[in-house]
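Hi,

Here is the structure I promised to pass on. Have a look at it first, and my notes on what turned up follow below.

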Amino acid sequence: MNPISDLIKESRKIVIKIGSNVLSDDNGAVNREVLHNIVEQVNTLIENHKQVIMVSSGAGICGVGAINKWSRRGDMNYKQALCAIGQVELMMAYKEYFGDYGIHVGQILLTREDFLDPHRTLNIRNALFTLVDEGVVPIINENDSVSVDEIKIGDNDTLGAHTANLWNADALIVLSDINGVYDKDPKAETDAKLIEEVSDIDRLLSDIDIGEKSSFGTGGIATKIEAARLVNKYGISMILLNGKKPDIIKKAWNGEETGTVFSGR
Ligand SMILES: Nc1ncnc2c1ncn2[C@@H]1O[C@H](COP(=O)(O)OP(=O)(O)O)[C@@H](O)[C@H]1O
Ligand SMILES: N[C@@H](CCC(=O)OP(=O)(O)O)C(=O)O
């Protein structure tokens, strides 16, 4: 028995959230090799009669890579401007690679307020269901140019969880630059051990040490664990995998690679 492989096999509706570090290279540009490989895997999922919604980070860092300036300007207005630029870079890459498989993509940008308002929530659901029913892959990000401070979701792990709950997904797959949750930060401690299955999140939090987030990441491992809590509450399981490893979803599906699964059942 392999819980990650079994979960992917059984899941028809899958939300895939991709972190900034996965999607960008060291210079902040779109990591085309990685993105191309992820799109190819999503196409394989679709060919196997699964439906996929993507939640993609990376607008901010890809904005830095695109114009090669302002990267040190921490002011919110500059961050917003970089996200506006980088979002276009990302969507162009998604459109190109999905286009190779004859698949259209649709961009949806959301804020926290959208999930608090029942009318907006219904509108999001209707748009998402229609896109998926028509064979289009929705690509969601936070609407970074309008969502500052009080209306900010803050991190795309939470956005991925809200999306999975709203769509009533069977699984949320989070692709980060790490193999899964460890008992301590694996980038700082060489003897850190991977935790493959989590059924009690409070116990996990009392057992592990949480270190720094990665250079371009927003929430770190803590927001991934909280995203798991959010979806588990609705009976949805979450899988954390290393999105930088080629064919990671296909390999996890075949039982050749592992990660951390937070069981929602
Ligand atoms: N106990 C831990 N287990 C796994 N990762 C951890 C842990 N503590 C800290 N981290 C760090 O969290 C980072 C992932 O979060 P983040 O930088 O926000 O990534 P992303 O851009 O994919 O959202 C990893 O690169 C890792 O170094
Ligand atoms: N909306 C932001 C992403 C914020 C975010 O949560 O990033 P990450 O921690 O890498 O998932 C952007 O596209 O840059």
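Before the notes, one term: two residues are in contact here if their C-beta atoms, placed from the backbone, lie within 7 Å. Keep in mind too that this is a predicted model.

With that cut-off, and leaving aside neighbours within four places in sequence, D144 is in contact with A59, G60, Q80 and C83. You'll find D144 in the loop between β4 and α8 (156–167). Is D144 buried or exposed? It counts as buried, because it has 24 C-beta neighbours inside 10 Å, and the threshold for that label is 20 or more.

I picked D144 since it carries a record: the UniProt annotation "binding site", from an unreviewed entry, covers S57, D144 and N156. These residues are spread over 100 residues of sequence, yet they cluster in space, with a largest C-alpha distance of 10.9 Å.

S57 sits in the loop between β2 (51–56) and α4. It is buried as well, because 31 C-beta neighbours fall inside 10 Å. Not counting residues up to four places away in sequence, S57 touches I18, G19, S20, L23, N141 and N156. So one of the contacts of S57 is N156, which is also covered by that annotation.

Now for the ligand. Which residues come closest to ligand 2? S20, S57, A59, G60 and T218 do, out of 15 residues that surround it. S57 therefore turns up both here and in the "binding site" record, while A59 and G60 are among the contacts of D144. Two elements, α4 (59–67) and β4 (137–142), each supply at least two residues of the shell around ligand 2. By class, that shell has 10 polar, three charged and two nonpolar residues.

Lastly, a couple of backbone angles to check in your viewer. H49 has a phi near 65 degrees, which is a positive value in a residue other than glycine. Its place is the loop between α3 (32–47) and β2, and H49 counts as exposed because it has 7 C-beta neighbours inside 10 Å. D247 also has a positive phi, near 60 degrees, and is likewise not a glycine. This residue lies in the loop between β9 (237–242) and α11 (248–254). With 16 C-beta neighbours inside 10 Å, D247 comes out as partly exposed.

Cheers

Conventions. Residues are numbered from 1 along each chain as its sequence is written. Chains are lettered from A and ligands numbered from 1 in the order in which they are written. This is a predicted model: local features need pLDDT of at least 70, side-chain atom pairs count only at pLDDT 80 or more; totals for chains, interfaces and linings use all residues. A residue is near a molecule or strand if its C-beta atom, placed from the backbone, lies within 6 Å of it. Helices (H or I, at least four residues) and strands (E, at least two) are DSSP runs, numbered from the N terminus. Ala, Val, Leu, Ile, Met, Phe, Trp, Tyr, Cys and Pro count as nonpolar, Asp, Glu, Lys and Arg as charged, and the others, Gly among them, as polar. UniProt positions are given in the numbering used here, feature names are shortened, and annotations may be inferred rather than shown by experiment. A residue is buried if 20 or more other C-beta atoms lie within 10 Å of its own, exposed if 12 or fewer, and partly exposed in between; C-beta atoms are placed from the backbone.
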